[in-house]
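Trainee: Could you walk me through this structure? I would like to learn how its labels are earned.

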Amino acid sequence: MKTKFEVGDIVELKTKERGTVKSIEMVFGEGNNLYLVTIGENDLMYSESLLTLVEKGNNLKQSQNVDDEVEKIIKELSLVVNPNKEEALKNACKIQKYMVLREVPLTLSDVKSSDSQINEMFDELENGREDYITNSYVFSCILSRVGMTVCNVGLKDENDEFYMANLVLLGNEYYYFDSSLEKEIYEEEKEENIEEFSLCCAGLGKKSYESFFTPVVTFSFQNQGKKGLVPKNIALEDISMEKINEKVSSI
């Protein structure tokens, strides 16, 4: 017989106190099952009808997996926290190059969160799945963790199909970073035996990028996927590719 709560779930009492399900003590049927719940330093018995679910235990585990992986990447790439404009550009270029060249672990997991953004990142960082939505969310998650302003931007391509990339604030203007297109170009060059790697889809302005894609809406990672208007202060011109690739030559 299935119970409403599982070991590890965070639950709330009618008194608004919160605790963690330590064990399922007795299964009598829906609403009557008994649980041992840890509240502070005490383990107390409660009936199912007295408890409300706050967070599934496996969601917390998955969130921690993502947090650990993001912190590992930040350390590995020596990203600067609360960077100035030049440091922010270097951070963004490092992440873009890393996402194109890294070896994705081919592991599988059936752990899923109720948070769709956590699922997207988990698929990318743990399960080896990649697509433009996932890439965009992972890119924005990592940079937001080091104090940068970055958003996921929804676009329409020339066939009026949905696409997603990133806008990164550098100084007073936003620039486009497209790790998905970057990887696609890299894979094509590999097939043509072009060995030297350089970024070409980073630090792009309106004039070049919006000749292929039209921005429609933004999704803020920091605000739980809240939709917003496309910022007006997107740079017109690209940052020079020479300057971009100087920033990542050490990776």
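Mentor: Gladly! Keep in mind that this is a predicted model.

Trainee: Let me begin with Ser-136. Why is Ser-136 called buried?

Mentor: Buried means under 20% relative accessible area. Ser-136 has a relative accessibility of 1%, so Ser-136 counts as buried.

Trainee: Where is Ser-136, and what is Ser-136 in contact with beyond its neighbours within four places in sequence?

Mentor: Ser-136 lies in helix H4, which covers residues 132–145. Leaving those neighbours aside, its contacts are Asn-152, Met-164, Ala-165 and Asn-166.

Trainee: Now to helix H2. How do you know that the span of H2 agrees with its 17 residues?

Mentor: The expected span is 1.5 Å times one less than the number of residues. For the 17 residues of H2 (residues 85–101) that gives 24 Å, and the end C-alpha atoms are 25 Å apart, so the two agree.

Trainee: What makes H2 mostly covered?

Mentor: Twelve of the 17 residues in H2 are buried. Among them are Ala-88, Leu-89, Cys-93, Ile-95 and Tyr-98.

Trainee: What is found at the start of H2?

Mentor: There, a side-chain oxygen of Asn-84 comes to within 3.2 Å of the backbone nitrogen of Glu-86.

Trainee: One last residue, then. Why is Val-7 called exposed?

Mentor: Exposed means over 50% relative accessible area. Val-7 has 52%, so Val-7 is exposed. Val-7 sits in the segment before strand S1 (10–13).

Trainee: Which residues make a nonpolar surface patch with Val-7?

Mentor: Ile-24 and Val-27 join Val-7 in a patch of about 230 Å².

Notes: Residues numbered from 1 in each chain as written. Predicted model: local features only at pLDDT ≥ 70, side-chain atom pairs only at ≥ 80, totals over all residues. Heavy atoms only, no water. Helix = DSSP H or I, 4+ residues; strand = E, 2+ residues; numbered from the N terminus. Buried < 20%, exposed > 50% of the residue type's maximum accessible area, 1.4 Å probe, protein only. Contact = heavy atoms within 4.5 Å. Polar contact = N/O pair within 3.5 Å; in protein donor to acceptor, adjacent residues only side chain to side chain. Patch = residues over 30% accessible without salt bridge, like charges linked within 9 Å, V, L, I, M, F, W, Y side chains within 5 Å. Areas by Shrake-Rupley, 256 points an atom, 1.4 Å probe, with all protein chains shown as cover. Salt bridge = Lys/Arg side-chain N within 4 Å of Asp/Glu carboxyl O.
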